[in-house]
Amino acid sequence: MNDDAQAAETEEKSLFSAPPMAEQERMVEAVLFASAEPVTVRDLEARMPHGCDAAEALVHLRKRYEGRGVQVVKVGDAWAMRTAADLAFLMQKETVETRKLSRAAIETLAIIAYHQPVTRAEIEEIRGVSVSRGTVDQLLEMEWIRFGRRKMTPGRPVTFVVTPEFLDHFGLESARDLPGLKELRQAGLLESRPLPGTPQFGEGEDEPEAEAGQSELFED
């Protein structure tokens, strides 16, 4: 091969060679910083030049942000930049709670999180009472739960699972990182008594309280 051919081949390869890892890291940082939602490795590589390794760039970026006020965290199968957990108190004034979940919605959400994938019938069996359509609809509207696969049982009932939005809201990498009963109550996610005047979800009727003997997770 003559010098001209070698030069042409080298130039062609250079057109498709990936940028240096430091530059790939900067690209990933820019995308995560600008994105309102967590971004998957696949989506990152789709935006980056050919040959980039977004997964490796994330490893470097995550290490670089260790101990900083903002950290690179995994949310389900995606990645995002979030305020360090120990500095969350600084953001309290920025957080506005627009509505409070009813006891029924809290219990339903907790059952789904800890027992997913779970059917409506299984939720009702654990709670000991029926689940109103309004309760499930509210959680679906908030995008904290979604429909899962149908069970291979008679009737093929649909199941419910928690979403990446739920994990992101509570700073969890996966459902395996869910806290225990004590932590849930300290965080205000479980009430020892129902709140007076708490609105119920359904056809204008109060949803009955959970009966005695159910799982410890929902006992007073």
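Select strand β4 together with strand β6 (residues 159-162) in this predicted model, and you will find that two bridges join the pair, which run antiparallel. With both strands still displayed, pick T119, which belongs to strand β4 and stands opposite T159 in β6. The side of T119 that meets the rest of the chain is worth showing as well: apart from its neighbours within four places in sequence, T119 is in contact with K151, P157, V158 and T159. Is T119 buried or exposed? T119 counts as buried, because its relative accessibility is 5% and the buried class covers values under 20%.

Now add strand β5 to the selection, so that the open sheet of three strands can be seen in the order β4-β6-β5, with antiparallel pairing, a pairing made through backbone hydrogen bonds, as in sheets generally. The edge strands are β4 (118-119) and β5 (145-147), each of which pairs on one side only.

Next, bring in the helices that lie across this sheet. Helix α5 (residues 103-115) lies across β4, β5 and β6, and runs at about 90° to β6. Helix α7 (residues 133-141) lies across β5 and β6, with a direction at about 105° to β5.

From helix α5, move along the chain into the loop between α5 and β4, where P117 is placed; the peptide bond joining Q116 and P117 is cis, with an omega of about -10°.

Two further loops deserve a look at the backbone torsions. In the loop between α7 and β5, select E143, a residue that has a positive phi of about 65° although it is not a glycine; E143 is partly exposed, with a relative accessible area of 47%. Then go to the loop between β5 and β6 and select R156, which likewise is not a glycine and yet has a positive phi, here of about 45°; at 42% relative accessibility, R156 counts as partly exposed.

For the surface, display F89, L90 and M91, which make a nonpolar patch of about 300 Å². To place this patch along the chain, note that F89 lies in the loop between β3 (78-83) and α5.

The last stop concerns charged side chains, for which the count comes to eight salt bridges. Side chains of opposite charge can pair when their charged atoms come close. Begin in helix α2 (residues 21-34), where R26 and E23 both lie, three residues apart, about one turn of the helix; R26 forms a salt bridge with E23, and their closest N and O atoms are 3.0 Å apart. Of this pair, E23 counts as partly exposed at 29% relative accessibility.

Which residues are linked with R64 in a network of salt bridges? They are E25 and E29, and both contacts can be inspected in turn. The side chains of R64 and E25 meet in a salt bridge at 2.5 Å, N to O, and this pair links distant parts of the chain, with R64 in helix α4 (residues 54-64) and E25 in helix α2, 39 residues apart. The side chains of E29 and R64 meet in another salt bridge, at 3.1 Å from N to O, and here too distant parts of the chain are linked, E29 being in helix α2 and R64 in helix α4, 35 residues apart. Colouring by accessibility adds a final detail, since E25 counts as buried at 11%, whereas R64 counts as partly exposed at 39%.

Terms used: Residues are numbered from 1 along each chain as its sequence is written. This is a predicted model: local features need pLDDT of at least 70, side-chain atom pairs count only at pLDDT 80 or more; totals for chains, interfaces and linings use all residues. Side-chain values use heavy atoms; hydrogens and water are left out. Two strands pair if DSSP finds at least two bridges between them. Helices (H or I, at least four residues) and strands (E, at least two) are DSSP runs, numbered from the N terminus. Contact means heavy atoms within 4.5 Å. Axes are lines fitted to C-alpha atoms, for helices over the stretch in contact, and angles run from 0 to 180 degrees between N-to-C directions. Patches are made of residues with over 30% relative accessible area and no salt bridge: like charges are joined within 9 Å, nonpolar side chains (Val, Leu, Ile, Met, Phe, Trp, Tyr) within 5 Å. Accessible areas come from the Shrake-Rupley method with a 1.4 Å probe; for residues, only the protein chains shown count as cover. A salt bridge is a side-chain nitrogen of Lys or Arg within 4 Å of a carboxyl oxygen of Asp or Glu. Buried means under 20% relative accessible area, exposed over 50%, partly exposed in between (1.4 Å probe, protein chains only).
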